[in-house]
Amino acid sequence: MTSDDFFRLVRAWLTVHLPRARRLSPHTIRSYKTALNTLLAYLRETRHLDLAEITFDAINHATITGFTTWLLEPKNLAPSSANQRLAAIKSFLSYCAAEDPSLVSIWLDVKQIRPARAPAHAPDALTMPAVEALIRAPGQHTSHGLRDTTIILLIFDAAARIQEILDLTPADIDTTPGRGRVTLTGKGRKGRTVPIMDKTCRHLDQYVGVFHPGTPEPEAPFFYTIRSGQRHPMSQDNITYLLNKHATAARGHCQDLPERRIHAHQLRHARAMQMLRAGVPLPHIKEFLGHANITTTSIYASADNQMVRVAIQKAASTTPDLAPIWKGNDDIILQLAGLK
């Protein structure tokens, strides 16, 4: 097959199959596009191939194994990120095999590659004092302060991913006292409705009064920026910027806020840990977070056990040492050891 055949299938996969047949979100499609672009960069860098020279002949088990290693070592990607790239390449080759039977052998060959082993890290959750300091930091004396407070509070309260917040419309939000809820669209276009606190509802009502006066358009972006007098959806970079801007201001009042760059997922992790410690069962937390598998949710329980262990060790450091048990004559020692 020629280079034209390769890029024709790339285009059909990205522009027709993923958005129309699989109905994936633009965010997911961007992730898949990044994976393919990274593979092309690998082929150009390591095989010295121009784009016009890249065909399916360049793709096999050895190539993709080398690609995964290249991501982990020279490029220093985390195993989870490398595995996402690998999964996207496998998805693309699966599509190609369905479109052209001559490519089935390539897909089956690459399909056997195992993901990189990713160590299970405890969720990087903010402490509750850090969450509270971050929510208070923007203040509510300005419209931007009201907006930023509402965003931070909602990310935490709904344990939402950034893209789920950015995809919200006025129609997704119900601020009825005692029954407040938001409908989030998660990965794979899966929707879930989660309850929110009355305090969050009051902030949302205030936000709507300023940013969506009158009768808001049901499908308009709920959070937006204004450029050239026009409303535009906020980006993930906008959210990350405002989080770190307010974290910088809050660090003077709260030592729990980490010095390194923070991200929205730390608020999501904090909410999950708070729910776990409040006694909410893991299956309920799984549904709240929108996890596909409870194994993903179980990491919060493991993290909590680790925190308990650390606390026990700290407590032990202040406990006086006991007298050594292995003291006495040889007969006593042997008896205590069960050897006599």
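**Close-up 1. Strand 4 and strand 5 form an antiparallel hairpin in this predicted model.** Strand 4 (residues 224-227) and strand 5 (residues 230-233) run antiparallel and are joined by four bridges, strands being DSSP runs of E with at least two residues, numbered from the N terminus, and pairing requiring at least two DSSP bridges. Tyr 224 lies opposite Pro 233 of strand 5, and in the hairpin, which has two residues between the strands, Ser 228 adopts a positive phi near 55°.

**Close-up 2. Helix 1 crosses helix 4.** The axes of helix 1 (residues 3-21) and helix 4 (residues 79-99), which are lines fitted to C-alpha atoms over the stretch in contact, with angles from 0 to 180 degrees between N-to-C directions, come within 10 Å and cross at roughly 105°; helices are DSSP runs of H or I with at least four residues. The two helices are therefore roughly perpendicular, a term covering 65 to 115 degrees. Among the residues of helix 1 in contact (heavy atoms within 4.5 Å) with helix 4 are Phe 6, Trp 13 and His 17, and those of helix 4 include Phe 92, Tyr 95 and Glu 99.

**Close-up 3. Leu 267 belongs to the largest nonpolar core.** This core, a set of buried (under 20% relative accessible area, 1.4 Å probe, protein chains only) Ala, Val, Leu, Ile, Met, Phe, Trp, Tyr and Cys residues joined through side-chain atoms within 4.5 Å, has 51 residues, of which Leu 154, Phe 223, Ile 239, Leu 243 and Leu 267 touch the most other members. Leaving aside residues up to four places away in sequence, Leu 267 touches Leu 126, Val 131, Leu 134, Ile 152, Ile 155, Phe 156 and Leu 243.

Residues are numbered from 1 along each chain as its sequence is written. In this predicted model, local features need pLDDT of at least 70 and side-chain atom pairs count only at pLDDT 80 or more, while totals for chains, interfaces and linings use all residues, and side-chain values use heavy atoms, without hydrogens and water.

Definitions and conventions:
Buried < 20%, exposed > 50% of the residue type's maximum accessible area, 1.4 Å probe, protein only. Parallel < 35°, antiparallel > 145°, perpendicular 65-115°, else oblique.
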